[in-house]
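Subject: Structure handover

Hello,

Here is the structure I promised you. Please open it next to this email and follow along.

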Amino acid sequence: MPNSKIDQLINFARSKAASDIHLTVGAPTSIRINGELKKFDGMSPEEVHKVILSMLTADQEKKLGEGVDIDFSFTASSGGRQRVNVYRQNGGKLAAAIRLLNEHIPSFKDISLPTAAINLTKEMKGLILVTGPTGSGKSTTLAAMVDQINVTRACHILTIEDPVEYIYEPKLATIHQRELGTDVIGFNEALRSGLRENPDVILVGEMRDFETIRLAITAAETGHLVLGTLHTTGAAQTVNRIIDVFPSEEQNQIRMQLSQNLRGVISQMLLPCANPERGRTAAFEILINIDASANNIRAEKTHLIEQVMASNVSMGMRTMNESLKRLARDGVITRDVALQYSPDKEEFKKML
């Protein structure tokens with residue numbers, strides 16, 4: 001049921017181009033603007049408690065009382081959608097993290113996604129990974145990629161999300177969106193049954209455990225295009241993370257499967273623009289899995305993947321340092337910011 005307080009708070013945050021709201025009983029409300037938290041006071045602890053509970057159903061409130069953290073999507077009276085996590089802290093006091101979602105799925109131009117990444121949506125099967133830390137825009141990039149497939153291919157797209165963030169309007173594609181906790185118990189269960197639901201494209205909101213990763217690779221191997229996310233930084237670390245979740249006796253087999261079925265890795269981060277009025281911009285690292293990188297994956301030489309990206313700029317690949325250099329050169333970000341976010345600062349200094 002819409003609550004005037006929560007609606008006012010969300011509308012205020014959106015007017016400030018904020019990305020997140022943090023509500024805490026007994027503390028000022030914090031709003032994240034361009035990556036930085038700013039505190040705003042004005043609600044009593046009792047009001048904050050009521051505002052948080054106003055977003056919950058009776059069943060969710062019951063689970064919260066049993067000690068379960070609650071993840072869900074929430075639509076404000078204005079129509080805007082939010083991703084919400086409600087939890088208890090500091091002796092049981094309620095708190096909530098609210099991610100403000102874009103009302104419209106952005107275009108590739110809106111997020112400055114490189115052409116090489118856009119071309120990955122033309123793949124008919126295999127595994128595409130979008131990686132980066134929390135709040136780096138992974139969901140937005142995936143949404144733009146899924147919508148590109150939606151407008152260009154008559155296929156069946158199945159999304160598995162926790163919770164559903166962007167709502168797709170079926171265009172050429174038929175789309176089914178499944179939400180954990182509402183439509184299905186977990187990623188594993190959804191993936192297992194998903195393979196029997198005749199999908200062409202499967203979006204896995206988060207590849208967070210061994211079984212989900214195994215099933216995603218199997219789906220890619222059996223002729224589906226699988227898009228997923230990992231909280232990793234860089235293509236090499238992403239490949240290593242996937243391999244490392246498997247028992248040692250299975251790792252050679254996984255290296256082989258990954259080398260054959262991985263289509264590309266898009267790693268990203270959000271950086272403050274040189275002009276504060278422009279907010280933040282994304283820096284992308286792009287790996288297209290060609291023979292050279294596939295050989296490195298099979299031969300346990302993932303440390304050489306960065307060289308593959310640096311040597312194949314003409315194919316649209318780029319390292320994170322290369323992306324940072326371009327943004328600094330074009331004045332989109334400052335050199336200090338580029339250096340601060342560089343994964344290899346010594347190399348970056350030489351590049352400058």
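Let's start at one spot. A polar atom in the side chain of T229 lies 2.7 Å from the backbone oxygen of G205. Bear in mind that this is a predicted model.

**Around T229**

T229 sits in strand β11, which covers residues 225-230. Is T229 buried or exposed? It is buried, with a relative accessible area of 4%. The cut-off for buried is under 20%. Leaving out residues up to four places away in sequence, T229 touches V130, K138, L142, V204, G205, E206 and M207.

**Around T212**

Now go to T212, in helix α8 (residues 210-221). T212 has 0% relative accessibility, so it counts as buried. Which side chain does T212 meet in a polar contact of 2.5 Å? The partner is the side chain of N188. Again without residues up to four places away in sequence, T212 touches F187, N188, L191, V204, E206 and M207. V204, E206 and M207 are also among the residues that T229 touches.

**Helix α7**

N188 leads us to helix α7. This helix spans residues 187-194, and six of its eight residues are buried, so the rest of the structure largely encloses it. Which ones are buried in α7? They are F187, N188, A190, L191, S193 and G194. The cover over them includes strands β8 (156-161), β9 (174-179) and β10 (201-204), and also α8.

**Helix α10 and the cores**

Helix α10 covers residues 251-261. Its buried residues are Q251, I254, R255, Q257, L258, S259 and N261. Among the elements that cover them are β7 (126-131), α8, α9 (235-244), β12 (262-272) and α11. Note that α8 also helps to cover the buried residues of α7.

Keep your eye on L258. The largest nonpolar core has 65 residues, and M145 and L258 have the most contacts inside it. Not counting neighbours within four places in sequence, L258 is in contact with L127, I217, V239, I242, I243, N289 and I297. There is also a second, separate core of 27 residues. A13, V48, F74 and L94 are included in that one.

**A pocket**

Next, look at the second largest pocket. Its volume is about 340 Å³. How many residues line it? The lining has 15 residues, and K63, D71, L180, G181 and T182 lie nearest the centre. By type, the lining divides into five nonpolar, four polar and six charged residues. Helix α3 (58-65) and strand β4 (70-75) each give at least two residues to it. The largest share comes from β4, with four residues.

**F40 in strand β3**

F40 lies in strand β3, residues 36-40. With 28% relative accessibility, F40 counts as partly exposed. P28 is twelve residues away along the chain, yet the C-alpha atoms of F40 and P28 are 5.8 Å apart. F40 touches F12, P28, T29 and I31, with residues up to four places away in sequence left out.

**Backbone details in the loops**

Three places in the backbone deserve a look.

- D162 and P163 are joined by a cis peptide bond, with omega about -5°. P163 is in the loop between β8 and β9.
- N90 is not a glycine, but has a positive phi of about 50°. It lies in the loop between β5 (81-89) and β6 (93-100). At 55% relative accessibility, N90 counts as exposed.
- E300 is not a glycine either, and has a positive phi of about 60°. Its loop runs between α11 (291-298) and α12 (305-311).

**A wide separation**

Finish at G331, in the loop between α13 (320-329) and α14 (335-341). G331 is partly exposed, with a relative accessible area of 43%. How many Å separate the C-alpha atoms of G331 and V184? They are 46 Å apart, and the two residues are 147 residues apart along the chain.

If you have little time, begin with T229 and its 2.7 Å approach to the backbone oxygen of G205. Then step to T212 and its polar contact with N188.

Best wishes

How values were computed: Residues numbered from 1 in each chain as written. Predicted model: local features only at pLDDT ≥ 70, side-chain atom pairs only at ≥ 80, totals over all residues. Heavy atoms only, no water. Buried < 20%, exposed > 50% of the residue type's maximum accessible area, 1.4 Å probe, protein only. Polar contact = N/O pair within 3.5 Å; in protein donor to acceptor, adjacent residues only side chain to side chain. Contact = heavy atoms within 4.5 Å. 1 Å grid on protein atoms, 1.4 Å probe; cavity = no way out; pocket = protein on both sides within 12 Å on 5 of 7 lines; lining within 4 Å. Points joined across faces, edges and corners; volume = space filled by probe spheres on them. Nonpolar A, V, L, I, M, F, W, Y, C, P; charged D, E, K, R; others polar. Core = buried A, V, L, I, M, F, W, Y, C linked by side-chain atoms within 4.5 Å.
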